Amino acid sequence: MEHIEQVLVSGLFAGMVYGLISIGLSLIWGIMDMVNFAHSDFMMLAMYFTYLLFSKLGLDPLFSLPLVAAGMFCLGVLTYFLVIRHVIGGELVQQTLCTFGLVVLLQSVAQYLWTGNYQMINEPLVSGNIRIFAASLSKGQVVAGVASLFLAGAIWWVIQKTRIGWALMATAQNRYSAPLVGIKVDRMFALAWGIGLASVGAAGVFLANYYYIYPQVGATFQLLALVAVALGGFGSIPGAIVAGIAVGLIEALSGYLIEPAYKYLVVFSLYIVVVLVRPHGFFGTHS
Amino acid sequence: MNRTFVKRSFWTKKNAFPIAAFLTLTAVALLAPVYIKILFPLHVLIMIYLYSALGTSWNILSGYAGQISLGQSVFVGVGGYTSSVLFVSYGVNPWLGMIAGALLAAIFGWLIGKPCFRLSGRYFAIATMAVVQIAYIIVTRWEFVGGARGIYFPLKNWGLRFFAFRAKAPYYYIAFGLMLFSFLMVLIIEKSHIGYYLKTIREDEDVAKALGIDVPKYKAIAMAFSTTLAAMGGTFLAQYLLFADPDSLFMLSIPIMLLTVMGGTGSMFGPLIGAGVLIPVQEYARAYWSGSGQALDQILYGLIIVVIVILQPRGLIGIFEGARRRFFRSEAAQTKTPQREGI
Amino acid sequence: MVKRLCGFFALGLALAVCTFFIYGVCGFAYAAEKTVKVGAIFPLSGGVAQTGVLCKAAMEIAQEIVNGKVDDILVPGATTEGFANLGAKLELVFMDSQNVPEKAMSAAEQLITQENVVALLGCYTSATTATASQAAERLGIPFLNESSTSPILTNRGFQWFFRCTPDDDFFTRNFFEFLRDEEAKGKNYGRSIAVLYENTLWGADVAKAVQKYAAEFDYKIIADVPYTARAASLTSEVQQIKSANADIVMLASYVSDAILLQTTFRDLDYSPSIILAHDAGFNDPNFLKTVGSAGNYVLSREVYASTLLNKPSVKKLNELMVAKTGYPLDGNSARALMGVLVLSDALLRTKSTEPDDLRQALLETDIPAEQVIFPWLGVKFDPETHQITTGRGIVVQIQDQNYIPVWPYEIAGADVLYPIPQWKDR
Amino acid sequence: MELLEIRGVSKRFGGLAAVDSVDMYVSRGEIVGLIGPNGAGKTTLFNCVAGHCGITGGEIYFDGRRIDGMSPNEICAMKLARTFQIVKSITRMTVLENIMVGAFMVSKRIPLAREWAREVMDFCGLSPLADAKAGSLTIGDKKRLEVARALATEPELLLLDEVMAGLTGKESRDAVELIYKIRNWGVTVLMVEHIMEIIMPISDRIVVLDSGTKIAEDTPEKIARDKKVIDAYLGSAA
């Protein structure tokens, strides 16, 4: 019955990548109480940067990771100061409208700059496939999965153990009283967006290893990441990873056992059931 | 406590100007199809009226009652598909199909609303997004409603009875009627206690409960208004395109929300103003720029959304509100904040 | 309360009415010299944008040929400059459908009423062709469809809709004829089939046709797996096909899923003995460019193959295409180019650009085989359904990243490489 | 049968007993003061009575009918209104509209509701601010608006949660006068307050809570001299 193993293993690794994508989203949501619907489109940008570095400078994705992550960090800070700062005070409706505007903008700019072509990094350093138990998996996916866990741990460590992390958490608790203890809230929000986009950028780099790149690639991951964050409980990093893996497994299993066309149906229905039972997800704090 | 009240008269001199403006513009709008022979501007106007009605349906639930839904397209789809299936497979008159679609959508609204209204803010929004995806997948795999192929309307029978016309003018009037009907619905809400109750629920549910408002019931009422209107919009779109497929009916949640919030949520003409600006921009930019295949029109569209939400968080209606205050200066003079004479 | 109410209504409506007047007025373009305008609606943005852009480039090449005098390309309209009978040149007016049915319809209406085009070409994806052709039918303008293969388009009883490409039904029959001929040559590929297809309009039609002809040619369908288009991962789908382990695997996907499928086959180390792919995604130049050597050995149905280059005019057209876009001609862009030529041939014979005359000319189309860049028996339309009757599909196999025709045998460039080797020894 | 009877009510949040089997009553036409140091469970008790949070023990009777377990809006429909400790006015509506929301309990027709709201507004002295947006009011006026809004639902019992907190001298004198007017209008009042020199003269009876339990219930004069109350506030001398 090694088919099931194959499905479970690939579902697990796909889930890890979903986890990494949703960490940034969970961070921004937790700290700024704002849902960034354009999150997966920033990942699309990171995938394009990785591809350009690979095709123009021959820089393999593994080496371009720090570069792309740094680039996305700056982009995050820039986006915050240029756009998000004006909307942060507004209601949920304004924030939703603004981020959906970004979705349209990012996809059309990508289409304008790099045309609608499907790009792919063929023969990256990490190519070919390896066998885990009875399942065979592309190396890119394995590296992506493992690295996602590692990065999640790193971000979690930064948030829990460093002074900056505490400042971020303080701002998350109460953005109005945080300044009373000397925290510059604006800077914290910019930092949240920076880290958020850096983490989704990293996910983009890993994904670019084995997945194709085109302007609309973000749309496929958008709702999966949102569901993972809402399941995991906003603001909780372990929650995002666990929920991401859960989504990956459910998707793979339901695709195999029931019918592939219904796999997202199962994922979303399970999500609704869970969220109705526990409105704040697995690890969410009751706001 | 005896309750006496004076019925304020409607036909006063003060109201003369706005009523005149309303009537002339409605007349102009009604005469437009007679003079405009080119079909494309008519198509743009029809889309403006349709999206105003759909935007109003979203506005009632999310603007007035504050339950932000990103899944309004489920009800548009249910409405459109019900009337299409009834018409194509069973030959039921589309107008009856529209009513059946509205009823079915209202039931769906109640089914989805009952559990989901317990969720707050963001969680409700994401849950509705998941619901519309589920509906999309189900319809795409359901052979009875044509599955992914969609439903093809036979182009043989024309005329009002079949809600299908060769010319654009009848569609124009029906769309205009649909928009007026949506404004009538909003009027009913604003003119009754329901409007006040919904705004209270939007502001703070605890206060609403403390003041005796049965919150779930009034949320359900808002949902009923909203789904009925959305379903009728769905039927119109299916009859206008004479084609119904999952992509054209179930993927409208975001555009509907965008133009309503741009126009101004929680106000009657937000959707009309939002549609009046966004739809022409989209249609004409696409018509003249998109030929190059570099999505220039999409870039413009994205930029407009982001810029407007930054400059005018309250929506475009904020601009008119400002103008209205300055324009009706006399009226503004009366309500400067009064000095409180002691008790 | 009343003042606020009516004031806003007035302002809102005035805004809506005047915005479209402004746009409407500045929208009229003036054509300097006399030209015959033909509308072309393609998905130039959205999921299949790249295919649309390539089709547009191919059609512009056809336009240059028709308007100029070219003698080394033997195709309709090459030897004349523009349309002598109408004293005008051809002008293609492009519009983006964004692959959205409602936008395709409004584009068709604008082209007909505002740009006064005499005919329409287009739409590549079947859903957009459906609504755009409805607009043309309502307004009585000939609509020539060049590459949407969904059978339903030609059995709606339309008067103004023509299609110059075989439909899925025809192509699927071709596949089974190919299998029967291979069997006659002693190569037995087995009797069980697994079908994996995108559950969109087109994919669903292909699956129906496969079921019909599998029964007719007595093959057994042991797995029928629809999947959601543009999925994040297809591992469970491929796993289901793998566990069915059928002799023959049939696929139907647009280009993004075709790429993902091929890489997933490689990742899961699964290579069925033979893969028959239905056009679209697998013939898109993007597929081979992106997937590279992993695309080898896949058999696909096609109308065009680069080895037809031995035909002089096809070689020349291919060079023009590579010069213009950097991509060779492929099944979709070649059919778009042919669509322009077929319409130009009709325009050369029509008495006037009146819709009825043009339709009559289209009905009388009879382009000989040698003037067609495909291995067809020429171009003739069925008087009733306006579907091309003389079309013929061919089967190609990707052999070291090149599409080589393997059937029908008279134009076959090589034998079928069978069975497909395992991934490790490729 | 008293208007409001609280029998052995307790409310636990996890281990912590915010309210621990409190017995008290409020009879018709009275003004009862509920006092106690911070965290004594006064607002929790209020929320339990008003139905905002369920109770883990005991029963609450209002006008003879059991109300613990009913939802806040049902309790309001039974003529029991409340104000909030932290002012919650509907900012985007005008003062009159705020009061009208409460007035809809009287009649769902707008003209009638508007007239009744206007009457209550005059009664509470907010008429000059009728058309001002609720968000633009001073803290004193907002508190007064809360009271007016609650009054508009025509309650028999009105729960006032620290209506005086944060008011200037003059404003609190106006508030005291308003409470007398409310009582003369026939509305029973149960109020929570911290400012002794206000609550003592105004109340007919005082109930004192300390860390969830009732430690005294008597007339204001006796309460002022009760040793247990002084200890609770000032901490025992020992």
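Two strands pair if DSSP finds at least two bridges between them. Helices (H or I, at least four residues) and strands (E, at least two) are themselves DSSP runs, numbered from the N terminus.

With that in hand, take the hairpin in chain A: β1(A) and β2(A) form it with 2 residues between them, and A:F133 in the turn has a positive phi of about 45°. Strand β1 (residues 129-132) and strand β2 (residues 135-138) of chain A run antiparallel and share 4 bridges. Within that ladder, A:I130 sits opposite A:L137 of β2(A).

A quick word on what you're looking at: this is a predicted model, where local features need pLDDT of at least 70, side-chain atom pairs count only at pLDDT 80 or more, and totals for chains, interfaces and linings use all residues. Residues are numbered from 1 along each chain as its sequence is written, while chains are lettered from A and ligands numbered from 1 in the order in which they are written.

**Chain A as a whole**

Chain A has 10 helices and 2 strands, and along the sequence they come as α-α-α-α-β-β-α-α-α-α-α-α. Its radius of gyration (taken over C-alpha atoms) is 19 Å, close to the 19 Å from the globule rule for 287 residues, so chain A is as compact as a globular protein of that length. That rule is 2.2 Å times the number of residues to the power 0.38. Along the principal axes, the C-alpha atoms of chain A fill a box of roughly 60 × 50 × 35 Å. Of the 287 residues, 62% count as buried, meaning that 20 or more other C-beta atoms, placed from the backbone, lie within 10 Å of a residue's own. Among contacts in chain A with a separation of 6 or more, 78% are between residues 24 or more positions apart; a contact means C-beta atoms, placed from the backbone, within 7 Å.

**Where C meets A**

Here 32 residues of chain C are in contact with 31 residues of chain A. On the chain C side, five elements each supply at least two residues: α2 (49-67), β7 (220-227), α7 (235-244), α8 (255-267) and α9 (285-291). The largest share, 7 residues, comes from α8(C). Classes here put Ala, Val, Leu, Ile, Met, Phe, Trp, Tyr, Cys and Pro as nonpolar, Asp, Glu, Lys and Arg as charged, and the others, Gly among them, as polar.

| Contact group | Nonpolar | Polar | Charged |
|---|---|---|---|
| Side of chain C touching chain A | 11 residues | 16 residues | 5 residues |
| α3(D) with α5(D) | 6 residues | 2 residues | 1 residue |

**Chain D: helices and a sheet**

The second table row belongs to helix α3 (residues 95-103) and helix α5 (residues 139-151) of chain D, which pack at about 35° with axes 7 Å apart. Axes are lines fitted to C-alpha atoms, for helices over the stretch in contact, and angles run from 0 to 180 degrees between N-to-C directions.

Chain D also has an open, mixed sheet of 6 strands, ordered β6-β7-β8-β3-β9-β10. At its edges stand β6 (80-82) and β10 (213-218), each with a single partner strand, so one side of each lacks a neighbour in the sheet. Inside the sheet, β3 (residues 31-35) and β8 (residues 188-192) of chain D run parallel, joined by 4 bridges, and D:G33 has D:M191 as its bridge partner in β8(D).

**A helix in chain B**

Helix α12(B) is mostly covered, with 16 of its 20 residues buried.

Conventions. Two residues are in contact if their C-beta atoms, placed from the backbone, lie within 7 Å. A residue is buried if 20 or more other C-beta atoms lie within 10 Å of its own, exposed if 12 or fewer, and partly exposed in between; C-beta atoms are placed from the backbone.
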